[in-house]
Amino acid sequence: MKEITYDKEADILNIDLENKDYWKSVELPNGMVIDIAKDGSIISIEILWASKFFSGDAKKVIEMAKQISLE
């Protein structure tokens, strides 16, 4: 299950990679939160302050996520 969502109010981009049993989250100093499954694989990535995190061409990721979120 791969899904990208963007919450405009909270300015959070969430990328779900896999649907596995959650184990824990690791918050990085740059505003990213990585969710890890019990088997050690990454199941999701949350990017706080996404509009500030991305700039230039990378900002297109947020625009694409906005469109997907509206569908």
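Student: Which residue meets Glu-18 in a side-chain salt bridge?
Tutor: A salt bridge here is a side-chain nitrogen of Lys or Arg within 4 Å of a carboxyl oxygen of Asp or Glu. The side chain of Glu-18 has such a pairing, with an N to O distance of 3.3 Å. Its partner is Lys-20.

Student: What pLDDT do local features need in this predicted model?
Tutor: Residues are numbered from 1 along each chain as its sequence is written, and side-chain values use heavy atoms, with hydrogens and water left out. This is a predicted model, where totals for chains, interfaces and linings use all residues, side-chain atom pairs count only at pLDDT 80 or more, and local features need a pLDDT of at least 70.

Student: And what pLDDT does the protein chain average?
Tutor: pLDDT is the predictor's confidence in each residue, from 0 to 100. Helix H2 (residues 60–70) has the lowest mean among the elements, 58, while strand S3 (residues 22–27) has the highest, 95. Helices (H or I, at least four residues) and strands (E, at least two) are DSSP runs numbered from the N terminus. Across the chain, 73% of the residues score at least 70, and the average is 82.

Student: Back to the charges: how far apart in sequence are Asp-39 and Lys-20?
Tutor: Their side chains meet in a salt bridge too, at 2.8 Å, N to O. That pair links distant parts of the chain, with Asp-39 in the loop between S4 and S5 and Lys-20 in the loop between S2 and S3. The separation is 19 residues.

Student: Which residues do the shared-partner salt bridges join into one network?
Tutor: In general, side chains of opposite charge can pair when their charged atoms come close. The whole structure holds two salt bridges. They share a partner, so a network forms from Glu-18, Lys-20 and Asp-39.

Student: Is Asp-39 buried or exposed?
Tutor: Buried means under 20% relative accessible area, exposed over 50%, and partly exposed in between (1.4 Å probe, protein chains only). Lys-20, at 33%, is partly exposed, and so is Glu-18, at 35%. Asp-39 has a relative accessible area of 54%, so we call it exposed.

Student: How many bridges join S3 to S4?
Tutor: Two strands pair if DSSP finds at least two bridges between them. S3 and S4 form a hairpin with four residues between them, and Gly-31 in the turn has a positive phi of about 95°. Lys-24 has Ile-36 as its bridge partner in S4. The strands run antiparallel, and the bridge count is five.

Student: What is the bridge partner of Val-33 in S5?
Tutor: S4 and S5 also pair antiparallel, over five bridges. Their hairpin has four residues between the strands, where Gly-40 takes a positive phi near 90°. In S5, Val-33 is matched with Glu-46.

Student: Which element gives the largest share of the largest nonpolar core?
Tutor: A nonpolar core is a set of buried Ala, Val, Leu, Ile, Met, Phe, Trp, Tyr and Cys residues joined through side-chain atoms within 4.5 Å. The largest one has nine residues, including Tyr-6, Leu-13, Ile-34 and Ala-50. Strands S2 (12–16), S4 (32–37) and S5 each give two or more residues to this core. The largest share, three residues, belongs to S4.

Student: How many of the residues of S4 are buried?
Tutor: Met-32, Ile-34 and Ile-36 lie on one side of S4, and Val-33, Asp-35 and Ala-37 on the other. Both faces are covered. The buried count is six of six.

Student: Which side chain does the side chain of Ser-44 make a polar contact with?
Tutor: Ser-44 lies in S5 (residues 42–48) and counts as buried because its relative accessibility is 6%. A polar contact is a pair of N or O atoms within 3.5 Å; within protein, one must be able to donate a hydrogen and the other to accept it, and residues adjacent in sequence count only if both atoms are side-chain atoms. At 2.7 Å, the partner of Ser-44 is Asp-35.

Student: Which residue shares a side-chain polar contact of 2.8 Å with Tyr-22?
Tutor: Tyr-22 is in strand S3, and its 43% relative accessibility makes it partly exposed. Leaving aside neighbours within four places in sequence, Tyr-22 is in contact (heavy atoms within 4.5 Å) with residues including Asp-35 and Ile-43. The side chain at 2.8 Å belongs to Ser-25.
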